[in-house]
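User: Could you take a close look at one part of this model for me, and then follow it out to whatever it connects with? Plain bench talk is fine.

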Amino acid sequence: MNQVLFQTISFLVVDSFRIMLKSHATFYLVAYPLINIGSKIKTIYMKKIVFLIAMITAAYVSNAQTQPSSSSETYRNIYKVSASMFTRNTFQMGFEHFFTPTTSLLINVGMNFKDSDNERFWGFGAEAQLKFNVYTQINPKNSHRLYFAPYIMNNYEEVERTYWNNMGYDEWKTDSFDAVGTGVVFGWSYSFANRINLDIYTGGGIRKAFDAENEYYNGIWDYSYSGIAPRLGIDVGFWF
């Protein structure tokens, strides 16, 4: 009896072990190729992702390296603000357009205003400059230009100022006038940081103020001045 029981248990164990081996063999025969195929697909997919990221990065770097600079024909306009005219209570902005790499037209418009204890004035003006670049140096990150520019300008002003009368008292007097002028300026234009422009100029011309009655303040920097007028200024601009 015991021998029969032992043989039966041994048969069951051996048979179970044989079935387990067959199932494992079947698993490896079926699942392993699928796992291997999935691993290959995953590897190919990851390679494509890495390749796509590399292509996008290369395109971005290439695009960044070929971005047009201030010396490029892509940018032919400059928006400008006069830093020096703030010292004369004037806000002046300008628009410069390049017809060719060496020729441009600059249009300036501005307005001034002041209200103090002994002087009040306001006015507006416009100016046109035709610029000719006589020297141009273009570098990868900056550019230099030397130019001369004939100009014409016009101002309208209304002024109120205090004067001492014969009785020793001060009184307000009002004046309004137009002024026109023409001349030539010479300047250096420096562009950097891809789009920033710095323009420093000097020169002079003739200025005439019409219908200016009160000529007590008639220095060369006064709006009612008539005569030889010097020019000196600094503009800060942005290419677009």
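Analyst: A quick term before we start: two strands count as paired if DSSP finds at least two bridges between them. Also keep in mind that this is a predicted model.

Let's zoom in on the hairpin of S6 and S7. Strand S6 covers residues 170–192 and strand S7 covers residues 196–210, and the two run antiparallel, paired over 15 bridges. Right by the turn, phenylalanine 192 has isoleucine 196 in S7 as its bridge partner. Three residues sit between the strands, and one thing to look for in this hairpin is alanine 193, which takes a positive phi near 55°.

S7 has another partner too. Strand S8, residues 227–239, pairs with S7 in the antiparallel sense over 12 bridges. If you want a spot to line up by eye, find glycine 205, which stands opposite alanine 229 in S8.

Now for the charged side chains. Asp199, which falls within the residue range of S7, belongs to a network of salt bridges that also links Lys80, Glu96 and Lys131. One contact to check there is glutamate 96 with lysine 80, where the salt bridge spans 2.8 Å from N to O. Glutamate 96 lies in strand S2 (residues 90–100) and lysine 80 in strand S1 (residues 77–82), so by the program's strand numbering this pair links distant parts of the chain, 16 residues apart. Both of these side chains belong to buried residues.

The whole structure holds 10 salt bridges, and arginine 120 gives you a contrast to the buried pair. Arginine 120 bridges to aspartate 115, with the closest N and O atoms 3.4 Å apart. There is also a salt bridge between arginine 120 and glutamate 160, at 3.9 Å for the closest N and O atoms. That second contact links distant parts of the chain, with glutamate 160 in strand S5 (residues 142–164) and arginine 120 in strand S4 (residues 119–138), 40 residues apart. Where do these residues sit, buried or exposed? Aspartate 115 is exposed because its relative accessible area of 54% is over the 50% cut-off. Arginine 120 has 30% relative accessibility, so it counts as partly exposed, and glutamate 160, at 29%, is partly exposed as well.

S4 and S5 are also linked by rings. Tryptophan 122 and tyrosine 156 form an edge-to-face aromatic pair, 6.2 Å centre to centre with 70° between the planes. Tryptophan 122 is in S4 and tyrosine 156 in S5, 34 residues apart. Phe124 joins Trp122 and Tyr156 in one aromatic cluster. Tryptophan 122 is partly exposed at 31% relative accessibility, and tyrosine 156 is partly exposed too, at 22%.

Last stop, the largest pocket, which has a volume of about 520 Å³. Its lining counts 32 residues, and those nearest the centre are Met85, Arg88, Met153, Arg207 and Arg231. S7 and S8 turn up again here: along with S2, strand S3 (103–115), S4 and S5, they each give two or more residues to the lining. S3 supplies the largest share, five residues. By class, you get 15 nonpolar, 12 polar and five charged residues around that pocket.

Notes. Residues numbered from 1 in each chain as written. Predicted model: local features only at pLDDT ≥ 70, side-chain atom pairs only at ≥ 80, totals over all residues. Heavy atoms only, no water. Salt bridge = Lys/Arg side-chain N within 4 Å of Asp/Glu carboxyl O. Helix = DSSP H or I, 4+ residues; strand = E, 2+ residues; numbered from the N terminus. Buried < 20%, exposed > 50% of the residue type's maximum accessible area, 1.4 Å probe, protein only. 1 Å grid on protein atoms, 1.4 Å probe; cavity = no way out; pocket = protein on both sides within 12 Å on 5 of 7 lines; lining within 4 Å. Points joined across faces, edges and corners; volume = space filled by probe spheres on them. Nonpolar A, V, L, I, M, F, W, Y, C, P; charged D, E, K, R; others polar. Phe/Tyr/Trp six-rings, centres within 6.5 Å; stacked < 30°, edge-to-face > 60°.
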